[in-house]
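Here is a quick tour of the fold you have loaded, with a few stops at spots worth a second look. Keep the viewer open and follow along.

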Amino acid sequence: MRFAGARWERADHLLLDALHACGHRRPALASAARALSYAGEHGALWLAAGLTGAVTDRPRRGPWLRATALTATAHLGSVTLKRLVRRPRPSLPPIVTVTPAAPTAPGGRGSAAPTRPERAARGRGVFRPVVGRHSFPSSHATSAVAAALVFGALRPGVRRISVPLATAMCLSRLVVGVHYPTDVAAGALLGAVAARAGRTWVHRDVANRFRRRRRG
């Protein structure tokens with residue numbers, strides 16, 4: 001059992017290292033991962049999407065609001081579990097996407113003092129400030145998967161956007177190096193379980209309307 005656990009841990013670290021290295025080699029991928037990670041903090045992207053659906057899709061306003069509440073509840077559940085497990089985050093260096101060359105003084109007499117924008121640009125990493133010190137499970141993955149499933153069930157067209165976006169959100173946490181793959185997998189599983197458990201509650205209005213039509 002101990003040997004099997006060591007193999008899983010090694011695979012966890014190797015996969016994280018491989019995806020994090022992709023961010024080092026591809027600045028565009030790193031920037032996209034950073035943007036997704038910031039957008040997913042506290043489930044902000046998904047909560048905003050759910051509230052937008054409630055405003056724009058009036059016949060399904062109730063289900064949209066309940067789906068948004070379910071997403072928020074799943075996120076809070078993952079945060080609570082994270083504080084119980086207390087797994088430390090990976091210790092990886094940030095990906096530097098902007099490293100300007102030092103300017104040369106006129107006449108070739110060495111480097112001139114860098115300007116304030118240049119000093120600010122040096123060492124700008126893909127993603128460093130993270131909310132909390134604990135890693136398992138990934139709350140980004142939990143809220144992303146929960147929202148993708150419950151929102152996609154409300155509108156089939158939404159599923160074609162929400163599922164790939166949720167997948168990209170999960171992968172972004174590995175590219176920026178703040179979660180292990182098992183953190184993301186556990187978060188995604190928690191989100192899927194929450195979506196499954198709350199499906200009947202979210203679609204309560206739709207189910208009642210369907211029953212009334214059949215009786216009529």
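## The main core

Let's start inside this predicted model. Its largest nonpolar core has 16 residues, and the ones with the most contacts inside it are Trp 46, Ala 67, Val 150 and Phe 151. Four elements give two or more residues each to this core: α3 (44–56), α4 (61–85), α6 (139–154) and α7 (156–175). Helix α6 gives the most, with 6 residues. As a general backdrop, nonpolar side chains in soluble globular proteins tend to be buried together.

Ala 67 is a handy residue to click on. Leaving out residues up to four places away in sequence, Ala 67 touches Val 150, Phe 151, Leu 154 and Val 202. There is also a second, separate core of 8 residues, with Leu 92, Val 145, Cys 170 and Tyr 180 among them.

## Overall layout

Zooming out, the protein has 10 helices and 2 strands. Read from the N terminus, the order of elements is α-α-α-α-β-α-β-α-α-α-α-α.

Of the 216 residues in the protein, 36% are buried. If you take the contacts with a separation of 6 or more, residues 24 or more positions apart account for 82% of them.

## Two buried helix residues

Where does the side chain of His 20 reach? His 20 is found in helix α1 (residues 2–25), and its side chain gets to the backbone oxygen of Val 175 at 2.8 Å. That is within the 3.5 Å limit for a polar contact between N or O atoms. His 20 has a relative accessible area of 4%, so it counts as buried, the cut-off being under 20%.

Now hop over to Ala 141, which lies in helix α6. Ala 141 counts as buried because its relative accessibility is 0%. Not counting residues up to four places away in sequence, Ala 141 touches Cys 170, Val 184, Gly 187 and Ala 188. Cys 170 also belongs to the second core. Another pair to display is Ala 141 and Gly 40, which are 101 residues apart in sequence but 8.9 Å apart in space, C-alpha to C-alpha.

## The second largest pocket

Rolling a probe the size of a water molecule over the atoms shows where empty space is left. The second largest pocket holds about 200 Å³ of space. Its lining is made up of Leu 45, Trp 46, Ala 49, Thr 52, Gly 53, Thr 56, Trp 64, Phe 151, Val 158, Ile 161, Ser 162 and Leu 165. Two elements, α3 and α7, give two or more residues to that lining, and α3 gives the most, with 6 residues.

What is the split between nonpolar, polar and charged residues in this lining? The lining divides into 8 nonpolar, 4 polar and no charged residues. Trp 46 and Phe 151 turn up in this lining, and both are also among the residues with the most contacts inside the largest core.

## Backbone oddities

Most residues other than glycine have a negative phi, and most peptide bonds are trans. Against that background, a few spots here deserve a look. The peptide bond from Phe 136 to Pro 137 is cis, with omega near -5 degrees. Pro 137 is found in the loop between β2 (124–125) and α6.

Then there are two positive phi values. His 42 is not a glycine, yet its phi is positive at about 60 degrees. His 42 sits in the loop between α2 (27–39) and α3, and it counts as exposed because its relative accessibility is 51%, with the cut-off at over 50%. Arg 86 is the other case, with a positive phi near 60 degrees in a residue other than glycine. Arg 86 is found in the loop between α4 and β1 (96–98). At 48% relative accessibility, Arg 86 counts as partly exposed.

## One exposed arginine

Is Arg 83 buried or exposed? Arg 83 has its place in helix α4, and its 59% relative accessibility is over the 50% cut-off, so Arg 83 counts as exposed. For a distance to check in the viewer, try Arg 83 and Gly 132: these two are 49 residues apart in sequence and 9.1 Å apart in space, C-alpha to C-alpha.

How values were computed: Residues numbered from 1 in each chain as written. Predicted model: local features only at pLDDT ≥ 70, side-chain atom pairs only at ≥ 80, totals over all residues. Heavy atoms only, no water. Core = buried A, V, L, I, M, F, W, Y, C linked by side-chain atoms within 4.5 Å. Buried < 20%, exposed > 50% of the residue type's maximum accessible area, 1.4 Å probe, protein only. Contact = heavy atoms within 4.5 Å. Polar contact = N/O pair within 3.5 Å; in protein donor to acceptor, adjacent residues only side chain to side chain. 1 Å grid on protein atoms, 1.4 Å probe; cavity = no way out; pocket = protein on both sides within 12 Å on 5 of 7 lines; lining within 4 Å. Points joined across faces, edges and corners; volume = space filled by probe spheres on them. Nonpolar A, V, L, I, M, F, W, Y, C, P; charged D, E, K, R; others polar.
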